[in-house]
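Colleague: Could you show me how to read helix packing and a pocket in a model?
Modeller: Happy to; let's look together.
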Amino acid sequence: MLDGEAESAPLLGHKDHGPQKSVRRYLTERVDVHYAPLNLLVCCFLVGLIDAASYNTWSVFMSMQTGMYHLQPISPFSLTDPPPRAGNTIFLALSTANLPAGSDSFKWARSAVSILSMMVGSLIAGRAYAAVGLTRRFTLIASFLLQALCIATAAILVQTDAVPETDATDKIVLIAIPFLAAQSGAQVATAKSLGFSELPTTVLTSTYNDLASDIHLLAWDNPKRDRRVASVVLMMLGAIAGSWLDKGTGTLTAVLWLGAGVKVILAFSWLLFPAESG
């Protein structure tokens with residue numbers, strides 16, 4: 001009996017722990033990042049989606065910390081159209097001179113908190129990736145789930161009226177901004193760390209410049225150009241979707257829940273990526 005038990009013990013042990021080891025091995029293996037731009041391009045869409053709605057609600061961007069973009073066409077013949085909307089860094093600088101005229105005096109605080117929160121998100125994500133290995137499957141899943149959790153937290157704060165949508169000058173708004181800006185910073189750190197510098201996923205200023213200065217712009221085979229063009233299109237589509245969804249529902253909540261849901265899908269999509277060869 002003792003011999004029989006000793007003989008069967010390894011088999012039983014293998015039966016009990018084999019699947020666990022397989023799952024652990026699968027989650028800790030490095031994924032092939034060849035298809036990673038697909039997820040990053042979806043992130044470009046999310047940036048447009050959330051930034052359009054957050055600016056319309058609180059007059060602050062969660063991702064675009066510099067640059068210019070318009071949420072609606074501006075007529076060159078009209079003096080009543082709104083001015084171009086600059087990124088948070090420009091807002092912060094303008095506030096030192098109480099500009100633009102007529103803007104609320106609290107915009108500087110929202111801009112500063114967004115910038116700092118994005119930097120913190122990038123810092124934490126970058127250090128975490130360096131410590132545990134970015135391309136490990138569980139690292140990417142955990143990162144995107146945490147980003148989704150940040151967006152969902154902001155959505156809950158807005159939906160429960162803990163953070164107002166109707167008064168951007170209310171200091172309580174500063175509670176929600178860090179969650180949205182920090183997850184955006186983590187998203188940027190992910191794109192950079194994966195090696196796709198042509199997909200910053202947040203601003204398009206460098207993307208436009210890189211497209212215009214690309215000497216192989218019209219070449220048939222130019223993956224970086226293709227990704228840059230796709231990022232521009234998707235961010236624009238995201239901004240359009242965010243604008244209409246915000247307008248149609250009358251609330252930022254719908255946009256945020258959609259963003260959180262898409263991030264969850266992206267998180268688990270890393271399970272489908274093939275392992276790194278070799």
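Colleague: How do I read the packing of helix α2 and helix α9, at what angle and axis distance?
Modeller: Two packed helices are described by the angle between their axes and the distance between the axes. Here, in a predicted model, α2 (residues 36–58) and α9 (residues 253–269) pack at about 165°, with axes 10 Å apart. That makes α2 roughly antiparallel to α9 (angles over 145 degrees count as roughly antiparallel). Axes are lines fitted to C-alpha atoms, over the stretch in contact for helices, and angles run from 0 to 180 degrees between N-to-C directions. Helices are DSSP runs (H or I, at least four residues), numbered from the N terminus.

Colleague: Which residues of α2 and α9 make the contact?
Modeller: Contact means heavy atoms within 4.5 Å. Among them are V42, L46 and I50 of α2, and V255, L258 and V262 of α9.

Colleague: At what angle do α8 and α9 pack?
Modeller: Helix α8 (residues 223–249) and α9 pack at about 135°, with axes 8 Å apart. α8 and α9 are therefore oblique to each other (the class for angles outside under 35, 65 to 115 and over 145 degrees). G242, L245, D246 and T249 in α8 meet A254, V255 and L258 in α9.

Colleague: Which elements give two or more residues to the lining of the largest pocket?
Modeller: They are α4 (107–132), α5 (137–159) and α6 (177–193).

Colleague: Any reading notes?
Modeller: Residues are numbered from 1 along each chain as its sequence is written. Local features need pLDDT of at least 70, side-chain atom pairs count only at pLDDT 80 or more, and totals for chains, interfaces and linings use all residues, while side-chain values use heavy atoms, leaving out hydrogens and water.
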